[in-house]
Amino acid sequence: MPRISIVLPVFKVQGFLRECLDSVLTQSFRDFEIVAVDDCSPDGCGAILDEYAAADSRVRVLHLPENAGLGRARNAGMPLATGDYLFFLDSDDTLTPGALGAIADRLAECADPDVLVFDYARTYWWGGTRRNVLAHVLADAADGFPGSPDDTFTASQRPEILDLLMVVWNKVYRRDFVEREGFTFPPGYYEDTPWTFPVMLSAERVATMDRVCLDYRQRRQGNILSTTSRKHFDIHDQYARVFAFVEARPRLHEWRPYLHRKMGEHCLDILAKPDRLPPGDKAEFFAVTAAMFREHRPAGAEDTPETRVLNGSYAAYRLKRQAGRAARELERRARRARRAAAARTARRRSARHARRPVDPNLAVYSAFSHRGVLGDPAAVYYAAREFAPHVRGVWVVRDEEQAALLPPGVEHVLLDSPRYHEVTARAAYLVNNVNWPGALVKRPGSVHVHTHQGTPLKYMAADLRDKPGARLGTDVPGMLRRADRWDYSLVANRHSELVWERAYPCHFTSLRTGSPRNDVLVGAAPGERAAAVRERLGIPSGDTVVLYAPTRREYRRGGHVERFDPARLAADLGPGHTLVVRLHPSLADGPARGLGLSELHRRGVLVDATDEPRVEDVLLASDVLVTDYSALMFDYANLDRPVVLHADDRDAYAASRGTYFDVTAEPPGHVTSSYEELADLFASGAWCDDASAALRSAFRARFCEFEDGRAAERVVRTVMLGEPLPEPAPPRATAKVPAPSAPAGRGDRAPSAAPAAPGGGPGGAPRAAGAEHDLYASS
């Protein structure tokens, strides 16, 4: 008996069917069967199903003699299913890699619940992807109900679960529960409604999983619910079935007000859609909905602002809709007028401030589009407080929410506020790692310091002119006009100096200072700081920490391409190892987090450190970095710890984004081109052998050339105090920052700590312990 039976109704999807079947049959979890129901499809679907069934015994095909419709096709497949759980998959959708294994693991963890609800992402025909906006409901409910020993709950205990899209395919159902309750699908459109509500209200043990298991295809045409037809009147019959089900079960009567409201809102949503009902049938649809709304109104039920229109006429409903559209148009015009007025006011205010002299003791800082005290600007800010205390530092933040997260005692202004225009007009020093907004005018006597966001491997700025995919949405000429305001460009090595002068053909001076954000890596011993991070992240004492930090891909819309299954790597690393994953910041809020990472973190399979505010802490707490083309490798090299470059798509990446050199030919450590090579590297211990150390030594000599732990101090002394720029000390060949744990037999030399000088770090380098450095947001 298989663990999961996938019931797959098929009708007129020959262009998508193979992709759907392949997404199931290539799952690493193998204990499943597919019951495919050919609903008398007039195209080639039947032949495709027979072809797959002949090649794989897990596929069984039922050919219906006549078209029955989606619901009845599912009913026809159910008796043939023998698995513990039923999964009703639509044949134009696909499973994400590892989805079935994650589902099976969660079912076992929750001791076989009646229903397991998981997440999905909408994938649009034009290439876009959008995760379910209510994913947080799944995450919040993952711990079940207080007092539940197995993370399960009922709909009464967590009614917010019913706010999720009421469809059949984002859940799996225990088969004996379905059979005991006699659940079946009715004919007609919206057949998911009279299935999902009765199932969810009847289930005594519901579990959730915060993981995207299914890609819900949004077709440009062919979606049955986007077809203009009177069949949309079926929604009334489907809700009548739901009301009858609840009415026959007194214990469910408490749900009548909720279902009454839900029915009204659902029907009004259908009525408002331009592509659902023929225009001549809309008045009738409204009348039927209003009559049903009155008929099933429970005693004491109160209308919401949305459903109140059902108490009036269709003419009144249309007038309200027209008034709403007119109000929205007026508000849009008002917003545009307010923006224009604000821009005029800002220009007048800037002109007024420009008549006042530049304040030689004022510096304004910003980082990562005004996200807080981060990165290189943060390191310069803290160094200025120590070495140039007469220079007042003010941070620009984007909103009040970001301002609330600032460290105590940090002066700030909000972007585009009157105070922002005042300080940016009068500041002698403006320090940023992202270009300032185009409206900011550089005044004579002000000094703009651009810190960048790391050593560049991938093409940047003007070099993107021949990379249309990577340049998409980037105004390169505008970027260069804003870069014309730079006076100084900070560099950590000669490679960066050459690249920035080529990528930004502007008038600035390169300062060979090193990267201020890396001072904490060069000059601070990890010790208690790394131990505290490990404890906060729940990493067992003594574990070898493998940090996996992939970058985004320009050849995939959305930027995320999962190179391998992180759960498999975590398992293959074995006991005594902890896998820590840190996604690129641009992927932190997208579907990438939902493709198992959040769920694996919750289950303790790995640690998701994407949201850790201080990335340098994550670096200090790790023993080895696994990355691909991320600029983080250049920063990590300052720690002189092993790096593994996993470059299985190097040609595609170089072709789509462009790289300034072949990092696989001059790598910071061993290079792998397949998951098997990566796993073998760790299994054999070669990741930290003498060859790894030799590669890293050459890499450090080239790319950590100006890094000596005093970069921030050097910037302050040169730019703010007017002292001559001293040459950075050469990289210390023998001085190393010891890793938090060093497994026996590691091939690297034994680490030796450099002596501390009066400044707090080696050679007098100040320790920016309070600074936040976002080393990984650049590339």
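# Ring clusters, cores and long-range contacts

Phe88, Tyr173, Phe177, Phe183, Phe185, Trp195 and Phe245 are joined into one cluster by ring pairs. The model in which this cluster appears is predicted. Trp195 is a useful place to start. Apart from neighbours within four places in sequence, Trp195 is in contact with Met78, Phe88, Val168, Tyr173, Val178, Phe183, Thr184 and Phe185. Several names recur here: Phe88, Tyr173, Phe183 and Phe185 are among the contacts of Trp195, and they also belong to the ring cluster.

Trp195 also has a place in the largest nonpolar core, which holds 97 residues. Together with Ile34, Phe87, Leu100 and Ile103, Trp195 touches the most other members of that core. Among the elements of the chain, helix 9, residues 256-272, gives the most to this core, with seven residues. A second core, separate from the largest one, has 54 residues, including Ala461, Ala503, Leu521 and Phe661.

These cores sit in a chain of 779 residues, of which 56% count as buried. The chain has 27 helices and 22 strands. Among contacts with a separation of 6 or more, 74% are between residues 24 or more positions apart. The chain exposes about 32400 Å², and carbon and sulfur atoms supply 52% of that area.

The aromatic residues can be followed further. How many aromatic pairs does the count give? The count comes to 37 aromatic pairs. In one of them, Trp486 and Tyr504, the ring centres are 4.7 Å apart and the planes stand at 50°, so the pair is tilted. Trp486 lies in the loop between helix 16 (476-483) and strand 15 (488-490), and Tyr504 in the loop between helix 17 (494-503) and strand 16 (509-511), so the pair ties together parts that are 18 residues apart in sequence. Trp486 is buried, with a relative accessible area of 3%, and Tyr504 is buried as well, at 8%.

Another pair is formed by Phe634 and Phe699, which are stacked, with 5.3 Å from centre to centre and 25° between the planes. This pair links distant parts of the chain, since Phe634 is in helix 23 (residues 632-636) and Phe699 in helix 26 (residues 690-703), 65 residues apart. Both Phe634 and Phe699 are buried.

Rings also take part in arrangements with charged groups. Arg230 lies over the face of Phe233, 4.4 Å from the ring centre. The charged end of Arg702 sits over the ring of Phe661, 4.9 Å from its centre. Phe661 is one of the residues of the second core.

Helix 17, already met beside Tyr504, contains Glu497. Is Glu497 buried or exposed? Glu497 is buried because its relative accessible area is 14%, and buried means under 20%. Leaving out residues up to four places away in sequence, Glu497 touches Val491, Ser510 and Arg512.

Met460 lies in the loop between strand 14 (447-450) and helix 15 (468-471). At 18% relative accessibility, Met460 counts as buried. Beyond residues up to four places away in sequence, Met460 touches Trp500, Ala503, Arg657 and Tyr660. One of these, Ala503, belongs to the second core. Another, Tyr660, is 200 residues from Met460 in sequence, while the two C-alpha atoms are 9.5 Å apart in space.

The earlier part of the chain offers further examples. Asp90 lies in the loop between strand 4 (85-88) and strand 5, and at 15% relative accessibility Asp90 counts as buried. With residues up to four places away in sequence set aside, Asp90 touches Leu8, Cys20, Leu70, Arg74 and Trp169. On the other side of strand 5 (94-95), Gly98 lies in the loop that leads to helix 4 (99-109). Gly98 touches Gln27 and Arg211, not counting residues up to four places away in sequence. The C-alpha atoms of Gly98 and Asp565 are separated by 7.5 Å, although the residues are 467 apart along the chain.

Cys20, one of the residues that Asp90 touches, leads to the cysteines. Cys20 is buried, with a relative accessible area of 0%, and Cys213 is likewise buried at 0%. How many disulfides are there? With a disulfide taken as a pair of cysteine sulfur atoms within 2.5 Å, the count comes to zero disulfides.

Conventions:
Residues are numbered from 1 along each chain as its sequence is written. This is a predicted model: local features need pLDDT of at least 70, side-chain atom pairs count only at pLDDT 80 or more; totals for chains, interfaces and linings use all residues. Side-chain values use heavy atoms; hydrogens and water are left out. Buried means under 20% relative accessible area, exposed over 50%, partly exposed in between (1.4 Å probe, protein chains only). Rings of Phe, Tyr and Trp (its six-membered ring) pair if their centres lie within 6.5 Å; planes under 30 degrees apart count as stacked, over 60 as edge-to-face and the rest as tilted. Helices (H or I, at least four residues) and strands (E, at least two) are DSSP runs, numbered from the N terminus. A charge sits over a ring if NZ of Lys or CZ of Arg is within 6 Å of the ring centre and within 35 degrees of the ring normal. A nonpolar core is a set of buried Ala, Val, Leu, Ile, Met, Phe, Trp, Tyr and Cys residues joined through side-chain atoms within 4.5 Å. Contact means heavy atoms within 4.5 Å. Accessible areas come from the Shrake-Rupley method with a 1.4 Å probe; for residues, only the protein chains shown count as cover.
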